[in-house]
Amino acid sequence: MTTLPPASADQPLLRVRDVAHRYGQRTVLQDASFELWPGEVLAIVGESGSGKTTLLNAMAARATPAGGTVEFRARDGGLHNVHRMSEAQQRLLARTDWGFVHQNPADGLRMDVSAGANIGERLMALGERHYGRLRATAGEWLERVEIDPARIDDTPRTFSGGMRQRLQIARNLVTHPRLVFMDEPTSGLDVSVQARLLDLLRQLNREMQLAVVIVTHDLAVARLLAHRMVVMQRGRIVESGLTDQVLDDPQHPYSQLLVSSVLQP
Ligand SMILES: Nc1ncnc2c1ncn2[C@@H]1O[C@H](COP(=O)(O)OP(=O)(O)OP(=O)(O)O)[C@@H](O)[C@H]1O
Ligand SMILES: [Mg+2]
């Protein structure tokens with residue numbers, strides 16, 4: 001994707017500096033530094049075990065890193081260290097300005113409550129109590145993510161994998177977040193379902209000025225969605241840049257390998 005985010009985006013939305021993480025004695029992430037701009041889609045790619053999910057969780061304050069800082073530009077314009085916020089502030093952020101789309105939709109949905117309630121929950125957390133409005137908004141979002149609004153009272157348990165993933169996206173976007181973290185949102189879906197979901201994400205990114213950090217092992221997903229990408233190997237960012245630049249002219253041997261292995265017949 002070559003179109004750059006809007007020029008008004010002159011201040012980073014998220015600033016990641018020297019983030020590191022360990023599990024026990026083992027360092028699985030180090031020296032992760034980059035910035036994310038408002039409305040920008042950033043892909044994190046790399047082999048299994050390279051630290052993508054660890055990095056994403058640290059960025060989204062779902063885990064406290066062993067080192068480094070993650071700062072978010074709040075609506076007040078100030079940069080705030082997300083790991084220094086109180087739990088209450090983190091929770092508020094997580095259900096207003098941020099979204100998190102899990103690889104496995106069952107981790108991001110309440111499987112035993114209705115689709116409508118899944119979408120309404122974040123709105124209710126923000127104080128919306130009017131049943132009619134909640135239901136109308138939920139119906140609109142179902143349509144927006146191409147789920148038949150007649151399914152509003154069904155639970156996600158009765159949905160297909162693709163529908164669950166789209167419901168998870170609706171549940172996250174209903175509060176108009178400015179930043180959504182996604183961990184492999186399209187893996188496990190068949191190719192045609194994947195393509196429609198990617199189309200939807202592109203459209204929402206454009207319409208809502210939504211910044212997205214998307215973890216993917218699929219370079220085609222990065223190509224289609226991301227303005228910029230970072231390539232990870234063994235816990236380090238080995239290359240970063242504009243998506244087209246990295247994919248067409250990779251500089252690091254590992255990125256070269258990644259790109260060439262995808263192009264093999
Ligand atoms: N809870 C955990 N306890 C111990 N080690 C962990 C834990 N979670 C992840 N790791 C290790 O940290 C490293 C990075 O894992 P991570 O899940 O971030 O990789 P990933 O790039 O997301 O991989 P994948 O593409 O398979 O999802 C791996 O070596 C993994 O084994
Ligand atoms: Mg992962």
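1. The loop between helix 6 and strand 7 (179-183) holds His 176. In this predicted model, His 176 has a positive phi, near 50°, although His 176 is a residue other than glycine. Most residues other than glycine have a negative phi. His 176 has 11 other C-beta atoms within 10 Å, and 12 or fewer count as exposed, so His 176 is exposed.

2. A second residue with this kind of backbone angle is Asp 31, which is not a glycine and has a positive phi of about 55°. Asp 31 sits in strand 2 (residues 26-36). Is Asp 31 exposed, partly exposed or buried? Asp 31 has 13 C-beta neighbours inside 10 Å and therefore counts as partly exposed; the exposed class ends at 12, and the buried class starts at 20.

3. Gly 127 also has a positive phi, of about 105°, and comes just after helix 4. Helix 4 covers residues 115-125, and its buried residues are Ala 115, Gly 116, Asn 118, Ile 119, Gly 120 and Leu 123. What do the buried residues of helix 4 pack against? They pack against helix 5 (131-144) and helix 6.

4. Helix 6 (residues 161-173) also comes up against helix 7 (residues 191-208): the two axes come within 10 Å and cross at roughly 10°. Angles under 35 degrees count as roughly parallel, so helix 6 is roughly parallel to helix 7. On the helix 6 side, the residues in contact are Gly 162, Gln 165, Arg 166 and Leu 173. On the helix 7 side, they are Val 193, Leu 197, Leu 204 and Met 208. Sorted by class, this contact has five nonpolar, two polar and one charged residues.

5. Which residues surround ligand 1? The shell consists of Tyr 23, Val 28, Gly 46, Ser 48, Gly 49, Ser 50, Gly 51, Lys 52, Thr 53, Thr 54 and His 217. Helix 1 (residues 52-59) gives the most to this shell, with three residues. By class, the shell around ligand 1 has two nonpolar, eight polar and one charged residues.

6. On annotation, an unreviewed UniProt entry lists residues 14-259 as "domain: ABC transporter". Over residues 14-259, the chain is 39% helix and 26% strand. The C-alpha atoms at the two ends of that stretch are 27 Å apart.

Key:
Residues numbered from 1 in each chain as written. Chains lettered and ligands numbered in written order. Predicted model: local features only at pLDDT ≥ 70, side-chain atom pairs only at ≥ 80, totals over all residues. Axes fitted to C-alpha atoms, helices over the stretch in contact; angles between N-to-C directions. Helix = DSSP H or I, 4+ residues; strand = E, 2+ residues; numbered from the N terminus. Parallel < 35°, antiparallel > 145°, perpendicular 65-115°, else oblique. Contact = placed C-beta atoms within 7 Å. Nonpolar A, V, L, I, M, F, W, Y, C, P; charged D, E, K, R; others polar. UniProt positions renumbered as here; feature names shortened; annotations may be inferred. Near = placed C-beta within 6 Å.
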